Amino acid sequence: MTRDEVVKQNIVVDLNDGYYHIEEDLQKYPDAWCIVVTSQRGPGKTYSSLWHTYYSGKKALYMKRTKSDVNMLTELSNERLDVSPFYPINRDKGTDVYAIKLQDGVGAFYDCVPETDDKGHEIWSPVGAPIVYLFALSLLKQIKGFDLSECEYIIMDEFVPLPGEVVRHAEGEQLLGIYMTIRRDALMRGRKPPKLILLSNTDEISTPITQELEIIDALAELNASDDTHMYIEDRGILLHCIKEGEYKVTSQNDDGIAKAMKGTKWYAKNFGGKFASNDFSNVMKLSTRRMTPLMHIRYKTHDWYMYYDFDKERYYLCERKVKCAVEYDLNFENDQKLFYIKEVLEIQNACIFNRFKCSKYSMYDLIVNYKKYFSV
């Protein structure tokens with residue numbers, strides 16, 4: 001089947017079939033411009049998002065982190081070793097959608113038909129217009145050279161890096177730069193701004209993208225609760241943390257490796273949909289009544305205040321405003337380096353001995369993982 005044939009069927013998705021469907025979040029939160037979906041592996045985040053764009057006839061931009069990720073998808077499609085996210089859709093829906101390379105790190109998904117090349121090899125040949133564009137996140141300049149204003153969705157898959165994966169500090173800025181470029185072009189042509197859909201497993205809560213969006217604390221709060229959704233209405237950002245038991249695939253964890261690993265952090269992350277690799281034990285609300293204020297720290301638009309409890313010999317970082325003789329503005333390079341040399345190393349050492357607490361996880365992460373944020 002081709003996309004045109006599928007669109008004519010006016011498909012209505014069964015939202016109660018036990019799997020995740022992006023349609024449900026889109027319908028319940030129509031004003032959300034950014035939808036962040038995290039989970040264990042398997043509930044159908046990517047499948048649902050791409051199938052929705054296909055059967056609805058809507059254009060999308062699908063993004064991977066690196067050029068090699070994109071090149072692998074396009075180069076293997078014609079080798080019959082298809083690793084593309086459309087593979088399960090082709091299998092289930094009878095479609096023939098494959099990734100075709102346009103240039104290094106750039107491609108598109110097309111309806112395809114099998115043909116024979118001049119060497120007698122069967123290849124997939126594209127027909128019609130691109131269905132979904134395929135770009136590497138790092139190619140901001142190339143994206144500015146394409147007219148992607150028709151894209152109603154920008155889908156960033158696996159936005160949380162896998163353990164051991166090399167990550168650039170600027171990823172968050174790059175992603176929002178791409179979004180703003182497409183948004184501007186869409187508005188100039190009288191179209192609605194695109195929706196940004198971020199999909200990932202729960203490997204790490206603090207990433208360049210979650211830092212730039214400033215949603216780390218909201219994700220931490222949602223992770224600690226029994227809720228699955230948090231809509232930050234004034235910002236138009238929806239967080240959906242798919243947890244164990246929410247869908248059919250998240251309930252079938254009673255055999256094999258799931259049974260063997262139950263009760264471990266690995267299980268909580270891979271089957272429970274929890275950010276279990278992160279340490280939230282130092283995040284708490286404390287009274288500052290008997291503490292001594294040490295310094296005022298400005299980070300982005302936030303004002304944080306460091307206190308010291310001499311009775312318990314520990315530091316406490318929070319937003320409780322107080323007059324301080326010492327100030328650091330981490331929006332400036334000199335203060336970033338000065339703060340690191342004079343304060344961060346000492347506080348990190350205190351943390352080792354359980355003598356550093358914060359009111360929010362983003363504060364803890366910035367201090368403990370300071371070099372992830374700044375080049376010092």
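Let's start inside the fold, at alanine 218: with a relative accessible area of 15%, this residue is buried, since the cut-off for buried is under 20%. Keep in mind as you look around that this is a predicted model.

Alanine 218 sits in helix H9, which runs over residues 216-224. Leaving aside residues up to four places away in sequence, alanine 218 touches Met230, Ile232 and Leu239. There is also a long jump along the chain to look at here: tyrosine 361 is 143 residues away in sequence from alanine 218, yet their C-alpha atoms are separated by 9.3 Å.

Now widen the view to the whole of H9. Which residues of this helix are buried? They are Ile216, Ala218, Leu219, Ala220, Leu222 and Asn223. An α-helix has 3.6 residues a turn, so residues three or four places apart point the same way. As for what covers H9, its buried residues pack against helix H8 (208-213), strand E8 (229-232), E9, H13 and helix H14 (370-373).

Two of those partners are worth a visit, and H13 can go first. This helix spans residues 361-368 and is mostly covered, with seven of its eight residues buried. The buried ones are Tyr361, Ser362, Met363, Tyr364, Asp365, Leu366 and Ile367. So Tyr361, the residue we paired with alanine 218 a moment ago, is on that list because it falls under the 20% cut-off for buried.

H13 also has helix H12 (residues 333-352) for company: the two axes come within 9 Å and cross at roughly 110°. That angle makes H12 roughly perpendicular to H13. What is the mix of residue classes where H12 and H13 meet? The contact has seven nonpolar residues, one polar and no charged ones. On the H12 side you'll find Phe339, Val344, Ile347, Gln348 and Cys351, and they meet Tyr364, Ile367 and Val368 in H13.

The other partner of H9 to visit is strand E9, residues 237-241, which holds cysteine 241. At 2% relative accessibility, cysteine 241 counts as buried. From here you can hop to a distant part of the sequence: valine 37 is 204 residues away from cysteine 241, but the C-alpha to C-alpha distance is 5.9 Å.

So where does valine 37 itself belong? Its place is in strand E1 (residues 34-39). Valine 37 is buried too, with a relative accessible area of 0%. Not counting residues up to four places away in sequence, valine 37 touches Tyr20, Asp25, Lys45, Leu198, Leu199, Ser200, His240 and Ile242. One of these, serine 200, is 163 residues from valine 37 in sequence and 6.6 Å from it in space, C-alpha to C-alpha.

Another buried residue to click on is alanine 108, in strand E4 (residues 106-116). Its relative accessible area is 0%, so alanine 108 counts as buried. With residues up to four places away set aside, alanine 108 touches Tyr98, Ala99, Ile100, Leu102, Pro130, Val132, Tyr133 and Leu134. Leucine 26 is another matter: it lies 82 residues from alanine 108 along the chain, and their C-alpha atoms are separated by 24 Å.

Next, a couple of backbone oddities in loops. Glutamate 158 is not a glycine, and still it has a positive phi of about 55°. You'll find glutamate 158 in the loop between strand E6 (151-157) and helix H7 (171-188). At 33% relative accessibility, it counts as partly exposed. Lysine 300, again not a glycine, has a positive phi of about 55° as well. Its place is the loop between strand E10 (292-299) and strand E11 (302-309). Lysine 300 counts as partly exposed because its relative accessibility is 22%.

Finally, zoom out. The protein has 14 helices and 14 strands, and its C-alpha trace spans about 75 × 50 × 40 Å along the principal axes. A compact globule of 376 residues would have a radius of gyration near 21 Å, and the 23 Å of this protein agrees with that. Of the 376 residues, 50% count as buried. The accessible surface comes to about 18,400 Å², and carbon and sulfur atoms account for 49% of it. What about long-range pairings like those we followed from alanine 218 and cysteine 241? Among contacts between residues at least 6 apart in sequence, 66% join residues at least 24 apart.

Key. Residues are numbered from 1 along each chain as its sequence is written. This is a predicted model: local features need pLDDT of at least 70, side-chain atom pairs count only at pLDDT 80 or more; totals for chains, interfaces and linings use all residues. Side-chain values use heavy atoms; hydrogens and water are left out. Buried means under 20% relative accessible area, exposed over 50%, partly exposed in between (1.4 Å probe, protein chains only). Helices (H or I, at least four residues) and strands (E, at least two) are DSSP runs, numbered from the N terminus. Axes are lines fitted to C-alpha atoms, for helices over the stretch in contact, and angles run from 0 to 180 degrees between N-to-C directions. Angles under 35 degrees count as roughly parallel, over 145 as roughly antiparallel, 65 to 115 as roughly perpendicular and the rest as oblique. Contact means heavy atoms within 4.5 Å. Ala, Val, Leu, Ile, Met, Phe, Trp, Tyr, Cys and Pro count as nonpolar, Asp, Glu, Lys and Arg as charged, and the others, Gly among them, as polar. The radius of gyration is taken over C-alpha atoms; the globule rule is 2.2 Å times the number of residues to the power 0.38. Accessible areas come from the Shrake-Rupley method with a 1.4 Å probe; for residues, only the protein chains shown count as cover.
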